[in-house]
Amino acid sequence: MEAENDFTCTPPDIRKAAQEATENLLPAKSKPAYEKAYQAFTEWCRGNGVLSVILAGACRRDEITNMSTDDVDYKEDTILVRVPKTKTNVARLFVITDAHWLLLIKKYANLRPCSTATKRFFLTYRNGRCTTSPIGINSFIRFS
């Protein structure tokens, strides 16, 4: 799962501009409350073994369900996720750069059994191990 080449796909100036833009999205007065709620949410996710929430804000449940291993591209310090089949027939691409989520996604991907016949990215996780059956579309309702 390591990057094949030794480069970062996002130029530093764009990464800096994106960081500055995201820092200024919330009003200063509500930012501490938001950050506290977000921290509590991510800790809850970690504590409850929730891995699939990562994409909840970016994709529809059918897009998540149909996501394949070919749609996730691992780079040195980012993960590129392609959403080729969308409701609007316009393919999308988004980037995950947060170190915690990068580690979590890579850990999840490494749990994938070698004997899995499907290429769907999200597989069922039961009794402390990843199975070979994919997560169904209705299972993603519980994460919304």
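These legends describe close-up views of a predicted model.

**View 1. Overall layout of the predicted protein.** The chain holds four helices and five strands. Read from the N terminus, the elements follow the order α-α-α-β-β-β-α-β-β. The protein has 144 residues, and 29% of them count as buried. About 9800 Å² is exposed, with carbon and sulfur atoms supplying 55% of that area. Take the contacts with a separation of 6 or more. Residues 24 or more positions apart account for 48% of these.

**View 2. The open sheet of three strands.** The strand order is β1-β2-β3, and the pairing is antiparallel. β1 and β3 are the edge strands, each pairing on one side only. On average, neighbouring strands of this sheet are turned by 20 degrees against each other, direction ignored.

**View 3. The pairing of β1 with β2.** These two strands run antiparallel and are joined over three bridges. Tyrosine 74 stands opposite isoleucine 79 of β2. Both residues reappear in the next view: Tyr74 and Ile79 are among the core members that touch the most other members.

**View 4. The largest nonpolar core.** This core has 21 residues. Those touching the most other members are Met67, Tyr74, Ile79, Ile96, Phe121 and Phe122. Four elements each supply at least two core residues: β1 (72-74), β2 (79-83), β3 (92-96) and α4 (99-110). The largest share comes from α4, with six residues. β1, β2 and β3 also make up the open sheet of View 2.

**View 5. Threonine 131 and its surroundings.** Threonine 131 lies in strand β5, which spans residues 129-134. Is threonine 131 buried or exposed? Its relative accessible area is 15%, under the 20% cut-off, so threonine 131 counts as buried. Which residues are in contact with threonine 131, leaving aside its neighbours within four places in sequence? They are Pro113, Leu123, Thr124 and Arg126.

**View 6. A side-chain contact of threonine 131 within β5.** The side chain of threonine 131 makes a polar contact with the side chain of serine 133, at 3.4 Å. The range of β5, residues 129-134, includes both positions.

Technical notes:
Residues numbered from 1 in each chain as written. Predicted model: local features only at pLDDT ≥ 70, side-chain atom pairs only at ≥ 80, totals over all residues. Heavy atoms only, no water. Core = buried A, V, L, I, M, F, W, Y, C linked by side-chain atoms within 4.5 Å. Buried < 20%, exposed > 50% of the residue type's maximum accessible area, 1.4 Å probe, protein only. Polar contact = N/O pair within 3.5 Å; in protein donor to acceptor, adjacent residues only side chain to side chain. Contact = heavy atoms within 4.5 Å. Pairing = 2+ DSSP bridges. Axes fitted to C-alpha atoms, helices over the stretch in contact; angles between N-to-C directions. Areas by Shrake-Rupley, 256 points an atom, 1.4 Å probe, with all protein chains shown as cover.
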